[in-house]
Amino acid sequence: MTDRPDRTDTDLLGIYLNDHLAGATLGVDRARSLADAEAARDPALADAVRPIANEIAEDRADLWRITRSLHVPVRRYKILAGRLAERAGRLKANGRLVRRSPLAPMLELELLRLGVEGKAAGWRTLRRLADADDRLDPVHLDSLLERADRQLETLEQLRLRQITETFQRPDTQPSLQESRS
């Protein structure tokens with residue numbers, strides 16, 4: 001480390017990092033919930049999401065360590081808010097009241113993808129700050145960004161597959177037009 005002065009506004013950075021920690025908490029919980037919910041209905045989806053959920057949890061732990069290394073206080077109430085927001089999101093019925101909607105995995109994959117995009121933006125922000133702040137490790141941030149890019153690619157492949165699963169189900173009954181012929 002050099003004796004270069006710290007040029008980072010720690011107050012604003014603290015708010016930013018704590019907001020990302022709240023989002024990461026929501027992401028971990030949502031990814032795990034999706035994997036658990038799909039384990040019986042779509043084991044392939046559950047098996048593909050579970051490693052991403054584990055990586056999101058690792059990314060959250062890395063973000064926590066980065067936050068602490070910058071001497072930014074972790075605001076636990078924001079983390080709790082992220083957890084509560086994820087739980088509240090489960091209450092959305094998606095057209096079904098009692099059982100899980102076929103639309104749920106599609107929407108949850110899209111939500112996860114948005115969350116990973118936000119995480120990648122956060123890593124890019126920290127990477128840029130690393131050029132002026134020796135407390136941030138640019139090599140580590142580059143590896144976190146590469147992992148986020150891989151997660152985005154996997155989530156997009158799963159999302160595209162889910163389009164067919166959700167919206168293009170085989171017809172079991174003739175259409176109205178066919179029955180009139």
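**Notebook: Asp 149, the H4–H5 pair, the core and His 71**

I looked up Asp 149 first and found it partly exposed, at a relative accessible area of 38% (buried is under 20%, exposed over 50%, partly exposed in between, with a 1.4 Å probe and protein chains only). I note that this is a predicted model, in which local features need pLDDT of at least 70 and side-chain atom pairs count only at pLDDT 80 or more, while totals for chains, interfaces and linings use all residues. Residues are numbered from 1 along each chain as its sequence is written, and side-chain values use heavy atoms, with hydrogens and water left out.

Asp 149 belongs to helix H5 (helices are DSSP runs of H or I, at least four residues, numbered from the N terminus). From its C-alpha to that of Ala 120 I get 7.4 Å, although 29 residues separate the two in sequence.

I then turned to the core. The largest nonpolar core holds 32 residues, and Val 49, Ile 66, Trp 123, Leu 126 and Leu 141 have the most contacts inside it (such a core is a set of buried Ala, Val, Leu, Ile, Met, Phe, Trp, Tyr and Cys residues joined through side-chain atoms within 4.5 Å). Helices H1 (10–38), H2, H4 (104–130) and H5 (138–167) each give two or more residues to this core. Leaving aside residues up to four places away in sequence, I find Ile 66 touching Trp 123, Leu 126, Leu 136, Leu 141 and Leu 144 (contact means heavy atoms within 4.5 Å).

Last, I checked His 71, which sits in the loop between H2 (43–69) and H3 (76–89). His 71 is exposed, at 67% relative accessibility, and its phi is positive, near 60 degrees, in a residue other than glycine.
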